[in-house]
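Welcome! Let's take a friendly walk through a protein model, one region at a time. Have a look at the picture, then follow the notes below.

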Amino acid sequence: MPARLTAYLPGEAAAEFLLASGVPALVGRLPGCDIQLGHPSLSREHARLEPVGDSWRLRDLGSKNGCTVNGAAPTDEPLGDHAWLRFGDVTCEFRTLDEAALARARADAGSRQQASAVHLRALEQAPALPDLLQGTLSAVVELAGCQRGFLLLMERGQAQVRAWQGLDAPALAAPAFAGSVGAVEKSLGGRHPVVLNDASSDEAFAARASVVAGGIRALVCLPLVLGDEVLGLVYADSREPGRAITRLDLELLSAFAERATLWLAVKRSELQLDGASRAAWPTMAANRGAQP
């Protein structure tokens with residue numbers, strides 16, 4: 001029976017792998033592995049998933065950091081329809097799929113690409129700056145499978161919230177802001193996307209007051225960078241369990257953010273002239289004083 005393995009690599013977008021019925025899959029760090037997980041806690045050839053009957057079983061190939069199945073050492077027993085696996089420090093969700101579910105999973109990638117293209121066309125037709133900002137944010141929230149978010153723009157050296165969804169302006173400026181301030185700072189400072197699929201278990205963010213107070217489960221931050229200049233950032237998160245933010249999602253989101261950045265750059269001259277709503281964003285210094 002076919003199956004899907006979703007790998008939650010620490011600090012990265014999730015990696016999804018479809019396992020073909022009757023075909024063993026080698027798990028490891030080497031590029032030639034069927035399930036390549038480039039994390040230092042994995043051995044070069046760490047384990048193998050083997051089809052057995054209507055399910056699969058896991059065999060450890062003498063890895064240094066071991067494997068677990070639902071928290072216990074693997075045995076010859078089948079994994080069943082669903083199991084949580086661990087290879088070194090990487091947690092994975094295993095789930096068998098019937099043929100209909102497999103077809104849906106394969107079609108899902110195409111549908112997400114189509115959705116991204118639809119949003120891009122809508123932004124091209126945005127008549128004014130506020131529409132462009134709100135359209136960019138709404139697209140990122142939807143494409144990431146999140147519930148809420150906001151868009152920051154850098155204006156006169158200060159970050160200003162120029163669009164929001166599922167949040168209100170006072171909440172954004174409050175010391176107890178329920179989004180991940182740390183993720184925003186990391187993304188802006190490093191000029192690269194930040195993705196978390198379980199913020200509560202990530203060592204870098206789990207203790208942040210904003211993560212604890214907000215009950216954040218998954219989030220993505222996309223800096224809007226043009227050359228050497230950071231124009232702003234789009235943030236989206238979810239407080240409820242849902243589908244993982246995958247590598248494909250991040251690829252689509254990053255490409256979308258690049259296009260949106262170009263359109264924002266064209267309209268930058270309007271930033272000082274328009275009357276779009278905005279909310280203050282606490283400075284990084286203020287954040288450090290108010291939050292761990």
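Start with a pair of residues on neighbouring strands: Thr6 has Glu16, in strand E2, as its bridge partner. Keep in mind as you read that this is a predicted model. The protein chain holds 7 helices and 15 strands, and 47% of its 292 residues are buried.

**The chain as a whole**

- The accessible surface of the protein chain is about 13,500 Å², and carbon and sulfur atoms own 51% of that surface.
- Consider the contacts between residues with a separation of 6 or more: 58% of them link residues that are 24 or more positions apart.

**Strand E1 and its two partners**

- Strand E1 covers residues 3-8 and strand E2 covers residues 15-19; the two pair in the antiparallel sense, with 5 bridges.
- E1 and E2 make a hairpin, and 6 residues lie between them.
- In the turn of that hairpin you will find Gly11, whose phi is positive, at about 70°.
- E1 also pairs with strand E9 (residues 90-96), again antiparallel, through 6 bridges.
- If you want a landmark for the pairing of E1 with E9, look for Arg4, which stands opposite Arg95 in E9.

**The second largest pocket**

- This pocket holds about 420 Å³ of space.
- Which residues lie nearest the centre of the second largest pocket? They are Arg4, Thr6, Glu16, Arg112 and Thr246, out of a lining of 23 residues.
- You have met three of these names already: Thr6 and Glu16 are the bridge partners from the opening, and Arg4 is the residue opposite Arg95.
- At least two lining residues come from each of E1, E2, E9, helix H1 (99-124) and helix H6 (247-266).
- Which element gives the largest share of the lining? That is H1, with 6 residues.
- Sorted by class, the lining contains 12 nonpolar, 9 charged and 2 polar residues.

**From E7 through E8 to E9**

- E8 (82-87) follows strand E7 (67-69), with a loop between them that includes Asn70.
- E7 and E8 are antiparallel and share 3 bridges, and Val69 stands opposite Leu85 in E8.
- E8 pairs with E9 as well, in the antiparallel sense, over 6 bridges.
- Trp84 stands opposite Glu93 in E9.
- The hairpin of E8 and E9 has 2 residues between the strands, and Gly88 in its turn has a positive phi of about 60°.
- E8 has two faces: Ala83, Leu85 and Phe87 sit on the covered one, while His82, Trp84 and Arg86 sit on the uncovered one.
- Leu85, from the covered face, is the residue that Val69 stands opposite, whereas Trp84, from the uncovered face, is the one opposite Glu93.

**A four-stranded open sheet**

- An open sheet with mixed pairing is built from 4 strands in the order E4-E3-E5-E6.
- At its edges are strand E4 (35-36) and strand E6 (55-60), each of which pairs on one side only.
- Strand E5 (residues 47-52) and E6 run antiparallel and are joined by 6 bridges.
- Ala47 finds its bridge partner in E6, namely Asp60.

**Loop residues to look up**

- Asp76 is in the loop between E7 and E8.
- Is Asp76 buried, exposed or partly exposed? Its relative accessibility is 49%, and buried means under 20% while exposed means over 50%, so Asp76 counts as partly exposed.
- Leaving aside residues up to four places away in sequence, Asp76 touches Arg57 and Arg59.
- Asp76 and Trp56 are 20 residues apart along the chain, and 9.6 Å separates their C-alpha atoms.
- Asn70 is not a glycine, yet its phi is positive, at about 55°.
- Arg191 is another residue other than glycine with a positive phi, near 55°.
- You can find Arg191 in the loop between helix H4 (181-190) and strand E12 (194-196).
- Arg191 has a relative accessible area of 41%, so it is partly exposed.

Terms used: Residues are numbered from 1 along each chain as its sequence is written. This is a predicted model: local features need pLDDT of at least 70, side-chain atom pairs count only at pLDDT 80 or more; totals for chains, interfaces and linings use all residues. Side-chain values use heavy atoms; hydrogens and water are left out. Two strands pair if DSSP finds at least two bridges between them. Buried means under 20% relative accessible area, exposed over 50%, partly exposed in between (1.4 Å probe, protein chains only). Contact means heavy atoms within 4.5 Å. Accessible areas come from the Shrake-Rupley method with a 1.4 Å probe; for residues, only the protein chains shown count as cover. On a 1 Å grid over the protein atoms alone, a cavity is a set of points where a 1.4 Å probe fits but cannot get out, and a pocket is an open set with protein on both sides within 12 Å along at least five of seven lines; lining residues have an atom within 4 Å of a point. Grid points are joined across faces, edges and corners, and a volume is the space filled by probe spheres set on the points. Ala, Val, Leu, Ile, Met, Phe, Trp, Tyr, Cys and Pro count as nonpolar, Asp, Glu, Lys and Arg as charged, and the others, Gly among them, as polar.
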